[in-house]
Amino acid sequence: MVGWGIIGAGDVTEVKSGPALSKAAGSRLVTVMRRDEAKLVDYAQRHGVPEWTTDPDEVINHPGVDVVYVATPTSTHLQYTIAAARAGKHVLVEKPMASSAQECRLMIDACREAGVKLWVAYYRRTLPRFDIVRDLLAQGTVGDIVAARITWFKPGTREGWRWDPELNPGGEFAETACHTLDLLDQLLGPVATVHGQHADAVRVAADFGWEGGAIGSGLWVFEAPVAEEEVVLTGTRGELRFSSLAPSAVRITVDGEVSEQSAPEPDHVHQPLVESIVAELGGGPACPATGDAALRTTEVIEQILGS
């Protein structure tokens, strides 16, 4: 049985991740931590967590915790990951992995030196609907992928912790667009070249070349009047269209014929990721959401926005 402890039992852990730590086979949530004690007690009671604390060190040093899940703002990921590694605990850290690529490297080094695993919560790498995309690519359904196009227009304001540079450098682009960039790292291979420009990380554009041979572009606007989000992978025989964020069907066009495939979204989207981590710790295949892969995504974001 893999025991988990959460540092930062906030909104992201309410539905997406927290319940999955208990519902996945061979997994249990042992203890949770947040600074606000009233909210902490309420969280623990509602989710049936047996222990809680306002001290992150008590999570890190808890004898029943095998994996520390760091679900705090980006600026604190480095300190909690290193502390957990030094305590001999495996780490799952929220995305983006850290405030800079250099911090990511320090986290990777600390976990490697301590002999513990490091994963990052890029859960799309394990979601069933992206299994569909991976299978279609492996089968060559649309031929060899030659181009990719990312579009994300989103209404919004520059409010909240995502736009606080002390908590999350890079704004909402770094905090959310990273999901798409990480997914394409898995689907197309690492980015070989990237050139970007931006206005305050609110309007962002980039050109890419992936090691797999595809070229492409991305356009993100976080003050648009309408919402639009899509990834288009163009192959030599057709194309795939899908959302990297919304649980919609994958649209497939081959030789002019259009079809769709879909997969049910898990109630808790982190659960396949948690199950993959538990399987790896039990001697199974490695979970694909590694610190090394997440470092590449952070490096791409830095190249787009500037270090």
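**Exercise 1.** In this predicted model, work out how many bridges join strand E4 (residues 67-70) to E5, and which way the two strands run.

*Solution.* Start with the count: E4 and E5 are joined by four bridges, and the two strands run parallel. Next, pin down the register with one pair: Val-67 sits opposite His-90 in E5. Then follow the chain between the strands. Helix H4 (residues 77-86) completes a β-α-β unit with E4 and E5, and the unit is right-handed.

**Exercise 2.** Now go to the other neighbour: find which residue of E6 is the bridge partner of Leu-92.

*Solution.* E5 and strand E6 (residues 118-120) are parallel too, with three bridges joining them. Within E6, Leu-92 has Trp-119 as its bridge partner. The connection goes through helix H5 (residues 101-114), giving a right-handed β-α-β unit made of E5, H5 and E6.

**Exercise 3.** Are the faces of strand E5 (residues 90-93) covered or open?

*Solution.* First, recall that side chains in a regular strand alternate between the two faces of the sheet. Now sort the residues: His-90 and Leu-92 go on one side, Val-91 and Val-93 on the other. Check each against the cut-off for buried, under 20% relative accessible area. All four are buried, so both faces of E5 are covered.

**Exercise 4.** Pick out the residues that touch the most other members of the largest nonpolar core, then look around Trp-220.

*Solution.* The core has 98 residues, and the top contacts belong to Trp-4, Phe-173, Phe-208, Trp-220 and Leu-233. Helix H7 (residues 171-188) supplies the largest share of this core, nine residues. Finally, skip the neighbours of Trp-220 within four places in sequence: its contacts include Phe-173, Phe-208, Trp-152 and Arg-203.

Notes. Residues numbered from 1 in each chain as written. Predicted model: local features only at pLDDT ≥ 70, side-chain atom pairs only at ≥ 80, totals over all residues. Heavy atoms only, no water. Buried < 20%, exposed > 50% of the residue type's maximum accessible area, 1.4 Å probe, protein only. Pairing = 2+ DSSP bridges. Right-handed = clockwise from strand over helix to strand, strands pointing away. Core = buried A, V, L, I, M, F, W, Y, C linked by side-chain atoms within 4.5 Å. Contact = heavy atoms within 4.5 Å.
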